Amino acid sequence: MPNIEQIVQKYFSLEHIENIQNLDGRIIITLIDTPENMEKAEDLKKELLNADGVSKATVIFTRKKAAPVSSGIEKWKMQNIKHIIGVASGKGGVGKSTTAVNLALAFANLGQKTAIFDADIYGPSIPTMLSFENTPPVSYNGTIFEPFENFGVKAMSIGSLVDRDTPLIWRGAKACGAIEQLFKETNWGDIDVMVIDMPPGTGDIQITLSQRIDFDGVVIVSTPQDIALIDAVKGVNMFEKIDVKILGLLQNMAYYVCPDCGKKAYIFGENGAKETAERLGEQFLGEIPLDIAIRQNADAGTPVVAALPDSPNTKAYEEIAQKILKALS
Ligand SMILES: Nc1ncnc2c1ncn2[C@@H]1O[C@H](COP(=O)(O)OP(=O)(O)OP(=O)(O)O)[C@@H](O)[C@H]1O
Ligand SMILES: [Mg+2]
């Protein structure tokens with residue numbers, strides 16, 4: 001009996017041969033479905049049938065297998081979402097969620113179909129900030145949730161799945177699985193910009209999530225204190241290591257404006273995030289002041305961009321949103 005494999009390989013390269021079976025002289029070859037392969041298959045069959053001991057030669061054609069994603073990790077695929085932007089921070093409590101929600105409203109003001117997804121399992125706060133706390137999500141067909149919608153922005157939160165006072169003690173894979181499922185099972189519709197409020201820090205959950213979400217890039221939020229900036233650098237390093245683009249650093253609570261004299265006071269130091277961005281070779285996106293109106297409006301469920309559309313704060317968020325859109329294009 002001749003070497004069947006050698007004969008087949010004379011006609012086809014290895015990546016076109018899916019399978020070769022020899023059942024007592026009845027040969028079944030499975031090949032990738034291309035017009036050239038179909039043509040060559042006739043010659044192969046003739047040669048095989050002339051070989052000693054071959055009674056039958058059959059060729060089956062099959063579709064090409066999907067190429068694996070280069071990193072080996074399959075990303076969540078959402079065809080109707082054009083851009084996904086993460087808002088992340090190395091340290092908790094720096095104003096990541098406040099920034100994410102105001103940026104989302106700013107994108108909507110700039111004419112983008114916008115959504116926000118709250119993936120912060122440790123402290124989901126988007127329901128409070130967009131006034132859908134205590135409202136269970138609606139599903140018309142029992143499998144897909146309708147997103148909430150407020151101020152022209154669609155929203156869903158991992159906090160919608162659990163009640164507010166239950167701490168989320170899911171570990172790694174379970175947390176990521178729940179986040180992925182909720183994200184995929186929300187009826188987002190067509191979205192230009194999806195903002196994702198990420199869990200703070202650089203642990204396993206953050207890394208896995210960041211590898212699985214098909215990010216166009218992430219914005220790193222930091223306050224000007226050294227301790228927050230050190231953690232911001234850790235965040236930048238984490239995203240770089242897993243090949244997620246950094247869209248830039250944003251300095252939150254940058255300065256305080258004296259309500260009496262209007263003077264800016266840089267209570268935590270002046271150019272921390274800007275200098276850190278320069279040192280790392282990343283874009284500095286801008287600064288947002290420490291302003292009581294930002295906190296009060298977020299707590300009240302009407303973020304400042306919606307509550308005070310003509311304020312300098314809204315302008316600042318819109319300018320940053322514009323820079324991000326530019327970085328995306
Ligand atoms: N620029 C700002 N001016 C005034 N208050 C702010 C500003 N940014 C955020 N805050 C307030 O600081 C607190 C923390 O902000 P936020 O919840 O957005 O932080 P976070 O980084 O998302 O925190 P966590 O790590 O808990 O998720 C909130 O009370 C918020 O209203
Ligand atoms: Mg938060």
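**Figure 1. Residue shell around ligand 1 in the predicted model.** By class, the shell around ligand 1 comprises seven nonpolar, nine polar and five charged residues. Of the 21 residues around the ligand, those that come nearest are Gly92, Gly95, Lys96, Ser97 and Thr98. Helices α3 and α9 (292–299) each supply at least two residues of this shell. The largest share, four residues, is contributed by α9.

**Figure 2. Contact of helix α3 with helix α11.** The view shows α3 (residues 96–109) and α11 (residues 312–328), whose axes come within 8 Å and cross at roughly 75 degrees. Because of this crossing angle, α3 is roughly perpendicular to α11. From α3, the contact is made by Asn102, Leu103, Ala106, Phe107 and Asn109. On the side of α11, Tyr317, Glu318, Ile320 and Ala321 take part. By class, the contact of α3 with α11 has six nonpolar, two polar and one charged residues.

**Figure 3. Domains of the protein.** The domain assignment gives domain 1, spanning residues 4–62, and domain 2, spanning residues 81–328. The centres of domain 1 and domain 2, taken over C-alpha atoms, are separated by 56 Å.

**Figure 4. Three-stranded open sheet with helices α1 and α2.** The strands of this open sheet follow the order β1-β2-β3, and their pairing is mixed. At the edges stand β1 (17–23) and β3 (56–62), each of which pairs on one side only. Direction ignored, neighbouring strands of the sheet are turned against each other by 15 degrees on average. Strand β1 pairs with strand β2 (residues 26–32) in the antiparallel sense, over six bridges. Within β2, Thr30 is the bridge partner of Asn19. Helix α1 (residues 4–11) packs on the sheet and touches β1 and β2. The direction of α1 makes about 145 degrees with that of β1. Helix α2 (residues 35–50) also packs on this sheet, touching β2 and β3. Relative to the direction of β3, that of α2 makes an angle of about 160 degrees.

**Figure 5. Eight-stranded open sheet and the packing of helix α11.** Eight strands form an open sheet of mixed pairing in the order β6-β7-β5-β8-β4-β9-β10-β13. The edge positions are held by β6 (148–150) and β13 (284–287); each has a single partner strand, so one side of each is left without a neighbour in the sheet. From one strand to the next, the twist averages 25 degrees. Strand β4 (residues 81–88) and strand β8 (residues 191–197) run parallel and are joined by six bridges. Opposite Val87 stands Asp197 in β8. Helix α11 packs on the sheet, touching β4, β9 (217–222), β10 (246–251) and β13. The direction of α11 makes about 175 degrees with that of β13.

Key:
Residues numbered from 1 in each chain as written. Chains lettered and ligands numbered in written order. Predicted model: local features only at pLDDT ≥ 70, side-chain atom pairs only at ≥ 80, totals over all residues. Axes fitted to C-alpha atoms, helices over the stretch in contact; angles between N-to-C directions. Parallel < 35°, antiparallel > 145°, perpendicular 65-115°, else oblique. Contact = placed C-beta atoms within 7 Å. Nonpolar A, V, L, I, M, F, W, Y, C, P; charged D, E, K, R; others polar. Near = placed C-beta within 6 Å. Domains from an automatic or database assignment. Pairing = 2+ DSSP bridges.
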